[in-house]
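Please open the model in your viewer with the cartoon and the ligand both displayed, and keep the selection panel at hand. The stops below each begin with something to select and then say what is found there.

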Amino acid sequence: MQHFFTTSRKTAKLNSKNMNSTCPKSENCPIFKGGVLKRAESEQVYRNLYCNSGEKNYSKCVRYIVSEKTGKSAPTDILPNCSKDLNEIIKKVQETK
Ligand code: SF4
């Protein structure tokens, strides 16, 4: 029983840490830095939903996925929830120098 509680506490701590972790792309991401969109509130919503909400959420961000696949930053007009064809975005980014 002791082991169960110890393990549960460790798991809860790990989950909580993961939930609060910030996207590793944030340092160079214009959406995270802000000043790109007309409404600062929109950038904050993206930060809350993706950037600052742990790997489970930032790994769903289109900008994050494009960066992971290409090693390059996505164009500024690509938002975290962009509905454009992902393969097309990746192809375009790969073609840019
Ligand atoms: S989650 Fe997306 S928008 Fe946020 S910092 Fe990472 S790449 Fe940028």
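Select the ligand and expand the selection to the shell around it, to which H2, H3 and helix H5 (62-70) each supply at least two residues. In this predicted model, the shell comes to 14 residues, and those closest to the ligand are Cys23, Cys29, Phe32, Cys51 and Cys61. If you colour the shell by residue character, it divides into 11 nonpolar residues, one polar residue and two charged ones. Which helix gives the most to this shell? With three residues, that helix is H3.

Next, hide the ligand and select Cys23, Cys29, Ile31, Phe32, Tyr46, Tyr50, Cys51, Tyr58, Cys61 and Tyr64, the 10 residues that make up the largest nonpolar core. Helix H2 (30-33) and helix H3 (40-51) each supply at least two residues of this core, and H3, with three, gives the most. As background to this stop, nonpolar side chains in soluble globular proteins tend to be buried together.

Now isolate H3 and show its side chains, picking out Glu43, Tyr46, Arg47, Tyr50 and Cys51, which are the buried residues of this helix. Why do these residues lie on the same side of H3? The arc that they cover around the axis is only 105°, which puts them on one and the same side. Rotate the view to the face of H3 turned away from that buried side, and you will find the exposed residues Glu41 and Asn48 there. Turning back to the buried residues of H3, bring in their surroundings again: what covers them includes H2 and helix H4 (55-58).

From here, centre the view on Tyr50, a residue that belongs both to the largest nonpolar core and to the buried set of H3. Setting aside the neighbours within four places in sequence, Tyr50 is in contact with Cys23, Asn57, Tyr58, Lys60, Cys61 and Pro80. Among these partners, Cys23, Tyr58 and Cys61 are also members of the core.

Finally, zoom out and colour the whole chain by secondary structure, which comes to six helices and zero strands, running α-α-α-α-α-α from the N terminus on. Colouring by burial instead, 19% of the 97 residues of the protein count as buried. For a contact map, consider the contacts with a separation of 6 or more: residues 24 or more positions apart account for 44% of them.

Technical notes. Residues are numbered from 1 along each chain as its sequence is written. This is a predicted model: local features need pLDDT of at least 70, side-chain atom pairs count only at pLDDT 80 or more; totals for chains, interfaces and linings use all residues. A nonpolar core is a set of buried Ala, Val, Leu, Ile, Met, Phe, Trp, Tyr and Cys residues joined through C-beta atoms within 7 Å. A residue is buried if 20 or more other C-beta atoms lie within 10 Å of its own, exposed if 12 or fewer, and partly exposed in between; C-beta atoms are placed from the backbone. Helices (H or I, at least four residues) and strands (E, at least two) are DSSP runs, numbered from the N terminus. Two residues are in contact if their C-beta atoms, placed from the backbone, lie within 7 Å. A residue is near a molecule or strand if its C-beta atom, placed from the backbone, lies within 6 Å of it. Ala, Val, Leu, Ile, Met, Phe, Trp, Tyr, Cys and Pro count as nonpolar, Asp, Glu, Lys and Arg as charged, and the others, Gly among them, as polar. The arc is that of the directions from the helix axis to the C-beta atoms.
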